[in-house]
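I opened this entry to keep track of what I looked up, one topic at a time.

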Amino acid sequence: MLPLLLATVITNTMNLEDVSKDRLKATIEKLASWPNRNTNNPTLTEAADWIAGEFRKIPGLEVEIMRYPIVKGQRILEDKEVVQVLATLPGKTDRRVIVGGHMDTINMVDREAGINARAPGANDDGSGTALTMELARVMATQKWENTLVFVAFSGEEQGLLGSKALAKRAKAENWKIDGVLSNDMVGNSKNNQGSSEAGYVRIFSEESAEHNSREMARFIDFLGRDGKAGVKPRLVFRADRFGRGGDHTPFNKEGFTAVRVVEVHEEYSRQHTPNDLPEFVDFDYLAANARLNMLVMASMGNAAPAPTEVKVDRRQGYDTHLTWQSTPGAKYVVYWRETSSPVWQHSLEVGEVKEARIEKVHKDDNVFAVGSVGGVPVEAK
């Protein structure tokens, strides 16, 4: 059954088919035309200037070339100032939903050439950057309740430097971030081992009492499991791939809700090598991943604040009674799943209320959550 949430929020706001495969392809080809986009090199600044220029062509966006310092160390040749690009689409509220990919690249195989080695980075992470720019083009055609932010990170290959700088800034400036979608390698649907899976994309999330990232991942699954975007989420319940990290991680560490979006089958011979070329990108797959991201952004972009103090009535009974602190005018959805299920199995839109009774569904056997319509649910305790 189509989630009521999705029908309410999405069909009346965005046409998923507005995502252009041709624009995605043109963006990646342009990004890959630089010999590399290494954070140590002027090529990074050139790419940032071009990205900022493309953002400035979009009416309504406020574009910033954010500057931040980096310090000499591993993969960093000297103390210097580097740049990354932020494009903000102001909403009616100052609550933010962020989507991004990293524009920088690195070559880890041609050691003698060092930072000047060819690193086109078509998929890693031209794909995430192009997706971000495409979402900005499409979503800026409409007005949103919440503020949407589109980021081309830098310094990812040197240790998540750009996302660390932005996450720390967001913390210092008291940004209200409802969620971050970090797209890193979302354009490769098969590898050289013969594995191919163009119908799914992985969503990595961290479980923490400090943020709501795991519930954001479950919410993405709930929105996208019908496959209307052309790709379905596959949840992986760990912070990132084994022993690795991405630009969502610094946001998690600062207490913000953030997840990583990444292809199912990575091809390692085209990561951090000169072979990461546009010809190996599956643009149908990339467009589908862009549509899934847009589905989430559109939903969260119009959502009211999450409820607080979501509680299950502890008294014995055959029904489950839930209460929460509400926001005036906000409508809510109750979600539940069996304790053995990793994802939400059921939902019920309950309206502009601050309590609900789910009849003949027992709290012994199920986990419950409540979310504003279109927003990430909060687990009931």
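**Helix 5 and its surroundings**

I began with helix 5, whose buried residues (under 20% relative accessible area with a 1.4 Å probe, protein chains only; exposed is over 50%, partly exposed in between) are L161, G162, S163, A165, L166, A167 and A170. Helices here are DSSP runs of H or I with at least four residues, and strands are runs of E with at least two, numbered from the N terminus.

I noted that this is a predicted model, in which local features need pLDDT of at least 70 and side-chain atom pairs count only at pLDDT 80 or more, while totals for chains, interfaces and linings use all residues. Residues are numbered from 1 along each chain as its sequence is written, and side-chain values use heavy atoms, with hydrogens and water left out.

I then looked up what these buried residues pack against, and found strand 1, strand 2, strand 4, strand 5 and helix 7 (249-253), with contact meaning heavy atoms within 4.5 Å. I also checked the span of helix 5 (residues 161-172): its twelve residues should cover 16 Å at 1.5 Å a residue, and its end C-alpha atoms are 16 Å apart, which agrees; the expected value is 1.5 Å times one less than the number of residues. Just after helix 5, I found N174 with a positive phi of about 60°.

**The sheet**

I traced eight strands in an open sheet of mixed pairing, in the order 1-2-4-3-5-8-6-7, where two strands pair if DSSP finds at least two bridges between them. Strand 1 (62-70) and strand 7 (232-236) are the edge strands, each pairing on one side only. Strand 1 pairs with strand 2 (residues 80-89) in the antiparallel sense over nine bridges, and I65 stands opposite V85 in strand 2.

**The cores**

I next looked up the largest nonpolar core (buried Ala, Val, Leu, Ile, Met, Phe, Trp, Tyr and Cys residues joined through side-chain atoms within 4.5 Å), which has 91 residues, and F251 is among those with the most contacts inside it. Helix 8 (residues 283-301) gives the largest share of this core, 13 residues. A second, separate core of 14 residues includes L322, V334, W336 and V370.

Leaving out residues up to four places away in sequence, I listed what F251 touches, including S163, L166 and A167.

**Y200**

Last, I turned to Y200, which lies in strand 6 (residues 200-204) and counts as partly exposed because its relative accessibility is 29%. Apart from neighbours within four places in sequence, Y200 is in contact with V231, K232, P233, R234, V264 and Y285.
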